[in-house]
Amino acid sequence: MQRDFSQGISILDIACQCRLSLSHFIRAFSNTVGTAPYAWFVQKRVQHAEALLTETHLPIVQIALECGFTDQAHFTKAFAKANGTTPARWRRQPSSG
């Protein structure tokens with residue numbers, strides 16, 4: 001699931017690869033990891049974006065796409081939900097780097 005953040009993810013495909021029903025996979029994943037698979041994946045995408053915001057000067061829209069978000073608005077909403085601030089503000093904060 002962490003191999004390529006820019007690619008879409010199908011929880012059903014992952015469940016099938018694990019030879020589990022979708023509901024069983026979600027339940028087992030949630031019990032093991034402590035969060036639902038899709039929420040976990042969004043969290044990992046946001047963490048990858050944090051690194052790109054800190055370590056590169058890539059435009060935010062490019063970071064959004066490289067992290068698998070459909071567009072900059074979707075990325076900004078997910079990022080702000082996770083961090084309490086927008087990617088642009090987060091990038092400007094001295095503590096983010």
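Lys and Arg are counted here as positive and Asp and Glu as negative, with His and the chain ends left out. On this basis, the chain of this predicted model carries 10 positive and 6 negative side chains. The centres of the two sets lie 8 Å apart.

The secondary structure consists of six helices and zero strands. Read from the N terminus, the order of elements is therefore α-α-α-α-α-α. Along the principal axes, the C-alpha atoms of the chain occupy a box of roughly 45 × 20 × 20 Å. The chain comprises 97 residues, of which 30% count as buried. Its exposed surface amounts to about 6,200 Å², and carbon and sulfur atoms supply 53% of that area. When contacts between residues at least 6 apart in sequence are considered, 49% of them join residues at least 24 apart.

Confidence in the prediction was examined for the chain and for its elements. The average pLDDT of the chain is 90, and 91% of the residues score at least 70. Among the elements, the lowest mean pLDDT, 90, belongs to helix H1, which spans residues 11–17. Helix H5 has the highest mean, at 96. Where pLDDT is low, the predicted coordinates should not be read in detail.

Helix H5, which covers residues 72–83, contains Phe75. This residue has a relative accessible area of 0% and is classed as buried because that value falls under 20%. Leaving aside residues up to four places away in sequence, Phe75 touches Ala49, Ile60, Ile63, Ala64, Phe69 and Pro87. One of these partners, Ile63, is 12 residues from Phe75 in sequence. The C-alpha atoms of Phe75 and Ile63 are 8.8 Å apart in space.

The loop between helix H5 and helix H6 (87–92) holds Thr85. Thr85 has a relative accessible area of 11% and is likewise buried. With residues up to four places away in sequence not counted, the contacts of Thr85 are Phe79, Ala80, Trp90 and Gln93.

A further residue pair links positions that are 35 residues apart along the chain, namely Gln43 and Ala78. The C-alpha atoms of Gln43 and Ala78 are separated by 8.7 Å. Gln43 is located in helix H3, which runs over residues 37–55. With a relative accessibility of 39%, Gln43 counts as partly exposed, because this value lies between the limits of 20% and 50%.

The cysteines were also considered with respect to disulfide pairing. The count of disulfides comes to zero. Cys16 takes part in no disulfide, and the nearest cysteine sulfur, that of Cys18, is 9.3 Å away. For Cys18, the closest cysteine sulfur is in turn that of Cys16. A disulfide requires two cysteine sulfur atoms within 2.5 Å, so the separation of 9.3 Å is too far for a bond. Cys16 is partly exposed, at 49% relative accessibility. Cys18 is also partly exposed, with a relative accessibility of 43%.

Technical notes
Residues numbered from 1 in each chain as written. Predicted model: local features only at pLDDT ≥ 70, side-chain atom pairs only at ≥ 80, totals over all residues. Heavy atoms only, no water. Helix = DSSP H or I, 4+ residues; strand = E, 2+ residues; numbered from the N terminus. Buried < 20%, exposed > 50% of the residue type's maximum accessible area, 1.4 Å probe, protein only. Contact = heavy atoms within 4.5 Å. Areas by Shrake-Rupley, 256 points an atom, 1.4 Å probe, with all protein chains shown as cover. Charge placed at Lys NZ, Arg CZ, Asp CG, Glu CD. pLDDT = per-residue confidence, 0-100.
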